[in-house]
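Colleague: Please take a close look at one enclosed space for me, and at the elements around it. Give the cut-offs as you go.

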Amino acid sequence: MIKYFDGGMGSMLGLRAGELPELLNLSDPLRVLKIHMAYANAGADIITSNTFGANPLKYENCAEIVRAGVELAGKTGKKVALDLGPTGRLLKPMGDLDFEECVSAYSEVVRAGAEGSDLVLIETVSDTYELKAAILAAKENCSLPIFVSLMFDESGRLLTGADIKTACALVETLGADVIGFNCGLGPKQMIPLVKELREYTSLPIMVNPNAGLPEVVNGKTVYTVEPDEFAAVMRELAALGVSYLGGCCGTTPAHIKVLIEKTKNIPDSVPEYKTHTIVTSGSESAVFGKKSLVIGERINPTGKKLLKQALRDGDTEYIIKEGISQRECGAHILDVNVGLPEIDEVEMLKCAVYELQSVLPTPLQLDSAKPEALEAAMRIYNGKPLINSVNGKEDSMSSVFPLIKKYGGAAVCLCLDESGIPESAEGRIKIAEKIIDRAEKYGIKKKDLIVDALTMTISTNTQNAVETLKAVDYLRNTLGVHTVLGVSNISFGLPDREAINTAFYTEALAKGLSAGIINPKSAPMMNAYYAHNALAGFDESCTEYISSVIKEEKTEQVITQLSLKDSIVKGLKDESAAIAKRLAESTPALDIISSEIIPALDSVGKDFEKNKLFLPQLLMSADSAKAAFDEIKAHIIKSGDATVKGDKIVLATVEGDIHDIGKNIVKVLLQNYGFDVIDLGKDVKCERVLEEVIKSGARLAGLSALMTTTVPNMERTIRLIHENTNAKVIVGGAVLTRSYANMISADFYAKDAMESVRIAQEYFKSL
Ligand code: B1M
């Protein structure tokens with residue numbers, strides 16, 4: 001039988017301006033209870049506590065609010081879902097919230113609300129990292145079932161970029177009990193999402209859509225899908241196979257009542273068990289399958305002098321560049337091993353993982369022999385990592401498997417145990433079987449085990465390759481488990497190692513090797529990889545093979561001679577600052593801005609629009625552009641000879657818009673040309689701009705807007721200034737054109753920062 005959630009709370013409360021919904025649990029509990037009761041009477045089985053936004057980052061008395069919220073929901077006599085919504089803050093490096101701070105914020109809510117609740121509902125999830133923090137908080141503070149409800153856009157992506165497959169792998173590996181969708185979309189738009197989710201998940205599904213897509217009518221957000229229409233579409237949805245249904249924004253007790261009437265005869269259905277083997281970052285998946293995956297081996301100090309030095313110096317930029325170049329050479333997963341006796345491996349692994357995941361969407365393989373280093377990195381990793389490694393020794397399994405159970409992940413399982421590495425394939429297979437069996441007891445499924453049959457050099461025993469390949473063949477094709485090999489050890493002690501490595505790799509691929517830990521910067525290895533895929537029928541029209549041949553020559557140069565533009569596009573902050581500083585010595589500031597910084601941001605902006613990159617990368621690029629611009633600004637100020645002569649200009653990015661890179665360029669140029677700029681920052685309310693224009697007596701205000709949605713606020717600000725002062729307004733920003741500026745009654749339009757200077761000069765001269 002399908003179980004039913006309630007519907008919207010926020011939209012039912014009819015909040016007055018400034019009223020905070022969660023506070024009503026204390027200040028007006030009857031108002032909240034009435035809504036809970038209405039949903040309970042409509043037939044809902046699960047009532048969601050009015051605690052969506054209640055967290056200690058927003059409320060000092062969070063625990064009190066949460067306890068009251070749970071108690072009110074409990075008064076209905078129905079099951080209570082302890083509601084955990086987004087914190088409202090972005091996690092580092094996208095925002096300023098530390099991961100552990102986020103875990104403790106959610107922990108406080110769980111501790112306050114677990115008693116009296118029947119399940120924890122983590123809902124309206126738009127960021128995988130915040131989701132991980134919430135799930136950890138739930139797991140560490142209670143033993144209630146965990147329901148995760150994600151908010152996708154119509155293209156099937158979370159705000160931070162994860163698609164359904166990626167988010168689903170993460171939710172399942174972290175041990176949630178139910179997965180589904182809420183908010184953002186109406187029931188119709190959720191149909192394709194539910195279909196896709198069923199392909200990937202083995203968990204029961206919940207669906208709580210809005211009453212349609214939001215529409216803005218007379219400045220108010222409204223939801224127009226009425227109960228009958230809502231229930232009719234929900235019937236279609238139920239028929240796809242779900243276990244829980246309910247509503248989100250705009251739905252009412254009437255929606256839930258009709259929903260129950262129309263769907264109660266449809267049996268619930270839990271998707272069958274899925275065997276996909278997937279590891280992920282916060283936005284991207286690597287799926288194990290017929291086509292082998294490339295695991296980049298280069299972030300490992302063994303035999304690498306420069307990396308060793310970088311690790312001793314704490315030079316994470318070096319590690320990031322190594323990661324970027326391996327990705328560009330075709331790596332699907334990056335191994336990260338920072339084990340050096342003279343450094344603190346626990347801290348370094350954590351730091352390397354944090355830095356890599358901040359810039360790169362490639363899933364990581366966390367590689368350490370120290371469980372404490374693995375744990376530190378697994379905890380802060382945004383995604384489902386590959387763990388390198390566990391082996392057949394009891395102490396290895398008993399220390400690594402519980403970590404995977406808690407933090408999620410798939411494991412590389414080495415075929416060795418207390419008696420060492422068996423020489424024969426049969427001996428290694430036996431160990432693999434033992435590991436699979438023991439993993440099951442820790443609750444880790446076979447699909448999340450990737451067996452490494454171990455590569456031993458043929459220079460000591462020429463049968464070594466034969467036995468390893470025999471084991472790979474059996475493990476993959478008979479035992480049905482995925483396999484991985486660190487390839488290059490095969491040639492240890494021999495000349496021309498690459499020739500042996502390549503031949504061995506090709507043979508292993510032919511036996512069905514699921515992933516090779518190789519050097520993706522080795523052309524022969526990658527050629528073998530692409531050629532094998534083409535020959536094995538895994539490369540439609542040989543497309544990847546052909547493009548790999550074209551790409552090959554460029555790769556090494558990519559990383560050694562980065563331009564400022566490349567460096568910004570890749571989100572390398574320190575590198576961008578350093579290049580900008582160098583360039584500023586020889587190139588005019590405006591040239592650097594117009595030929596490097598703006599084109600870089602245009603390029604990431606376009607990729608963002610095409611869903612080729614996502615908010616985290618956009619932010620890293622924006623940060624890099626800012627770092628570069630700060631260097632240029634310092635140079636302009638140092639070399640500038642103009643002095644402030646007092647013509648005041650009030651400058652702001654308009655309300656609702658946080659894009660301030662362009663506005664900051666305008667500011668520095670204006671200052672450099674002698675104007676006294678009062679910079680109000682970004683997201684500035686119309687009234688605040690007016691207030692400052694009046695207070696300062698400025699005769700010119702400058703407004704910047706970058707989004708179509710914020711131009712109306714620019715128009716309102718202009719109107720306010722014109723109605724109340726004699727000041728003129730100059731506007732700019734990528735979204736504007738001269739004719740649009742005229743339409744919104746701006747006095748001047750500047751297409752770039754230099755034009756704003758010329759306009760200001762002429763205007764003040766004319767006064
Ligand atoms: Co976002 N963003 N962004 N973004 N972002 C755009 C603007 C977008 C076009 C990207 C896209 O989808 N292709 C799109 C807007 C779509 C639209 O409405 N048409 C967009 C979106 C949708 C969003 C979010 C909603 C994404 C999300 O969360 N889903 C979100 C919005 C948040 C908000 O504002 N409420 C968001 C967030 C961000 C970041 C935080 C990641 C970051 C901003 C960081 C920051 O500024 N501190 C960011 C960035 C970097 C961009 C792009 C890639 C680059 C903007 C930029 O800095 N350009 C941008 C795509 C693009 O424009 N190619 C995009 C370089 C800058 C120097 O140019 O500002 O035009 P510009 O300034 C020029 C001239 O226009 C002029 O002089 C400057 C230099 O010559 N000028 C003036 C500017 N202001 C002037 C004022 C003047 C005179 C001249 O007189 C006063």
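Modeller: Leu84, Gly85, Pro86, Tyr106, Ile122, Glu123, Val125, Ser126, Asp127, Glu130 and Leu131 line the second largest cavity. A cavity here is a set of points, on a 1 Å grid over the protein atoms alone, where a 1.4 Å probe fits but cannot get out; a lining residue has an atom within 4 Å of a point. The model is predicted: local features need pLDDT of at least 70, side-chain atom pairs count only at pLDDT 80 or more, and totals for chains, interfaces and linings use all residues. Residues are numbered from 1 along each chain as its sequence is written, and side-chain values use heavy atoms, with hydrogens and water left out.

The volume of this cavity is about 50 Å³. Grid points are joined across faces, edges and corners, and the volume is the space filled by probe spheres set on the points. By class, six of the lining residues are nonpolar, two polar and three charged. Nonpolar covers Ala, Val, Leu, Ile, Met, Phe, Trp, Tyr, Cys and Pro; charged covers Asp, Glu, Lys and Arg; the others, Gly among them, are polar.

Which elements supply the wall? Strand S4 and helix H6 each give at least two residues to the lining. S4 gives the most, with three. Helices (H or I, at least four residues) and strands (E, at least two) are DSSP runs, numbered from the N terminus.

S4 repays a closer look. Strand S4 covers residues 119-125 and pairs with strand S3, residues 79-84, in the parallel sense over four bridges. Two strands count as paired if DSSP finds at least two bridges between them. One contact is Leu82, whose bridge partner in S4 is Val120. In a regular strand the side chains alternate between the two faces of the sheet. Thr124 also lies in S4. Its phi is near 55°, a positive value in a residue other than glycine. Thr124 counts as buried at 8% relative accessibility. Buried means under 20% relative accessible area, exposed over 50%, and partly exposed in between (1.4 Å probe, protein chains only).

Now the sheet. S3 and S4 belong to an open sheet of eight strands, in the order S1-S10-S7-S6-S5-S4-S3-S2, with parallel pairing. Strand S1 (3-4) and strand S2 (46-48) stand at the edges with a single partner strand each, so one side of each has no neighbour in the sheet.

Two backbone features sit around the strands of this sheet. The loop between S3 and helix H5 (99-113) holds Pro93. A cis peptide bond joins Lys92 to Pro93, with omega about 5°. Further along, Cys183 lies in the loop between strand S6 (178-182) and helix H8 (187-200). Its phi is also a positive value in a residue other than glycine, near 55°. Cys183 is buried, with a relative accessible area of 12%.

How many cavities does the whole structure hold? The search finds three of 30 Å³ or more. The largest has a volume of about 230 Å³. It is lined by 18 residues, and Gly282, Gln357, Ser358, Asn382 and Pro616 are the closest to its centre. Helix H6 (128-141) reappears here: along with helix H13 (345-359) and helix H25 (615-639), it supplies at least two residues of that lining. The classes there are seven nonpolar, nine polar and two charged.

For contrast, take an open space. A pocket is an open set of points with protein on both sides within 12 Å along at least five of seven lines. The second largest pocket has a volume of about 1200 Å³. Of its 45 lining residues, Glu297, Asn300, Thr302, Gly486 and Ser488 are the closest to the centre. The lining divides into 16 nonpolar, 18 polar and eleven charged residues. Among the elements that supply at least two lining residues is strand S16 (386-391). Ser389 is located in S16. A cis peptide bond joins it to Asn388, with omega about 20°.
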